[in-house]
Amino acid sequence: MAQHFLLSAKARTISLKAVFSMGEDKAYETFRAMRWPETDGEAVCPRCGCVESYDIPTRRKFKCVACHHQFSVTSGTIFASRKMSFTDLLAAIVIFVNGAKGVAALQLSRDLAVQYKTAFVLTHKLREAMAREQMGRTLNNTVEIDGAYFGGYAKPENRKEDRKDRRLSENRTGKRQCVVIMRERGGKSLSFIVRNEGDAVPYVRDHVGTLATIHADEGTGWDALHAGWDAKRVNHSVAFSDEGACTNQAESYFSRLRRMEVGTHHHIAGPYLGQYAREASWREDNRRVDNGMQAAMVLDAGLASRVSRNWKGYWQRAA
């Protein structure tokens with residue numbers, strides 16, 4: 001029997017040992033090479049695009065010859081205004097991608113000896129960068145779709161006679177949100193946050209090709225799919241798969257997201273649920289990519305992303 005890819009040496013192409021042994025200078029050169037691959041790491045002004053600049057090595061900054069703008073390798077990216085060293089940033093990315101079910105910010109703060117808030121903000125910035133891969137994506141061929149509800153936990157009463165049926169809407173907190181996943185068999189996936197499962201049909205119209213075949217469960221919210229696509233349904237109260245119709249790939253995604261919620265983060269509801277859902281989608285799409293390439297993909301996405309508006313400045317204060 002062939003060895004699973006994730007257990008093989010091919011899945012491990014970078015390690016924390018390699019990151020910390022490279023030193024700060026090599027880590028800095030890695031950032032330069034990833035930021036400006038077209039010029040082999042030579043600085044390009046982010047303001048005017050000029051390829052000529054003065055190097056200020058004592059501050060690791062550059063000054064544009066044309067517009068005299070001073071900038072660094074992280075200027076204008078999600079890593080802008082960084083305080084962490086380049087080695088620690090690379091290590092954080094490697095730790096982040098190595099977590100099969102995600103990485104808790106508390107664990108990252110201990111591994112890198114930084115404040116919890118620093119780790120929390122950094123991991124959310126990385127999730128924001130990872131979501132770039134899903135922008136403008138269209139799914140085709142065979143697409144599985146399903147929804148699951150997260151958040152809105154209602155603590156049961158102490159005495160049995162005081163407990164209420166938490167399955168009823170009147171006994172819920174009203175904070176539950178539905179994560180809907182659309183996953184192309186043998187391809188990529190897309191996740192969305194909606195109030196109810198059926199509210200995702202407009203997203204299907206925008207992101208699923210009209211010639212695709214959609215597989216969904218017996219939920220009444222998916223009845224509208226028959227009007228625009230070749231839709232196959234399976235009643236999960238009867239069978240997991242029925243005449244080729246199944247949503248096993250979508251269920252696999254929810255298995256990972258549930259384990260992220262229960263075993264790693266413990267609470268992924270509220271305004272951040274969408275970021276955790278997209279992270280789980282990215283991990284599912286790239287689960288058979290070696291960890292060195294995954295780290296490079298996340299670093300490249302972070303350097304290609306603009307400064308985060310959600311995780312910059314006084315983000316912790318109410319607007």
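The residues lining the largest pocket divide into 10 nonpolar, 6 polar and 5 charged. The model is a predicted one. About 530 Å³ of space lies in this largest pocket. Its lining comprises 21 residues. Ser81, Arg82, Thr118, Val121 and Lys125 lie nearest the pocket centre. Helix α4 gives the largest share of the lining, 5 residues. The helix itself runs over residues 116-130.

The second largest pocket has a volume of about 340 Å³. It is lined by 16 residues, and those closest to its centre are Leu6, Val97, Asn98, Ala100 and Gln294. Helices α2 and α8 each supply at least two residues of this lining. The lining of the second largest pocket divides into 5 nonpolar, 5 polar and 6 charged residues.

At the level of the whole protein, the secondary structure comes to 8 helices and 10 strands. The C-alpha trace spans about 70 × 50 × 50 Å along its principal axes. Of the 319 residues, 45% count as buried. The accessible surface comes to about 17,700 Å². Carbon and sulfur atoms account for 49% of that surface. Contacts were also sorted by separation in sequence. Among those between residues at least 6 apart, 63% join residues at least 24 apart.

Helix α2 was examined in detail. The helix covers residues 86-98, 13 residues in total. At 1.5 Å a residue, α2 should span 18 Å. The end C-alpha atoms of α2 are 18 Å apart, so the model agrees with the expected span. Helix α2 is mostly covered, with 11 of its 13 residues buried. The buried residues of α2 are Phe86, Thr87, Leu89, Leu90, Ala91, Ala92, Ile93, Val94, Ile95, Phe96 and Val97. In an α-helix there are 3.6 residues a turn, so residues three or four places apart point the same way. The cover over the buried residues of α2 includes α1 (16-35), α3 (105-112), α4 (116-130), α7 and α8 (291-304). Val97, one of the buried residues of α2, is also among the residues closest to the centre of the second largest pocket.

The loop that follows was probed at Lys101, which is found between α2 and α3. Lys101 counts as partly exposed, at 32% relative accessibility. Leaving aside neighbours within four places in sequence, Lys101 is in contact with Arg256, Arg259, Met260 and Thr264. Lys101 and Cys50 are 51 residues apart along the chain. Their C-alpha atoms are separated by 42 Å.

Ser281 has its place in helix α7. The relative accessible area of Ser281 is 0%; buried means under 20%, so Ser281 is buried. Its contacts, apart from neighbours within four places in sequence, are Gln134, Ile181, Ser189, Leu190, Ser191 and Tyr253. Ser281 and Gln134 are 147 residues apart in sequence. In space, the C-alpha atoms of Ser281 and Gln134 lie 9.1 Å apart.

Ile193 lies in strand β6, residues 189-194. The relative accessible area of Ile193 is 26%, and the residue is partly exposed. This class falls between the cut-offs of 20% and 50%, so Ile193 does not count as buried. Residues up to four places away in sequence not being counted, Ile193 touches Gln177, Cys178, Val179, Leu273, Gly274 and Ala277. Ile193 and Gln275 are 82 residues apart along the chain, and their C-alpha atoms are separated by 9.8 Å.

Backbone angles were inspected at two histidines. Phi of His68 is near 65 degrees, a positive value in a residue other than glycine. His68 lies in the loop between β2 (61-64) and β3 (70-71). Phi of His266 is near 70 degrees, again positive in a residue other than glycine. His266 lies in the loop between α6 (248-265) and α7 (273-285). The relative accessible area of His266 is 57%; exposed means over 50%, so His266 is exposed.

Methods. Residues numbered from 1 in each chain as written. Predicted model: local features only at pLDDT ≥ 70, side-chain atom pairs only at ≥ 80, totals over all residues. Heavy atoms only, no water. Helix = DSSP H or I, 4+ residues; strand = E, 2+ residues; numbered from the N terminus. Buried < 20%, exposed > 50% of the residue type's maximum accessible area, 1.4 Å probe, protein only. Expected span 1.5 Å × (residues − 1). Contact = heavy atoms within 4.5 Å. 1 Å grid on protein atoms, 1.4 Å probe; cavity = no way out; pocket = protein on both sides within 12 Å on 5 of 7 lines; lining within 4 Å. Points joined across faces, edges and corners; volume = space filled by probe spheres on them. Nonpolar A, V, L, I, M, F, W, Y, C, P; charged D, E, K, R; others polar. Areas by Shrake-Rupley, 256 points an atom, 1.4 Å probe, with all protein chains shown as cover.
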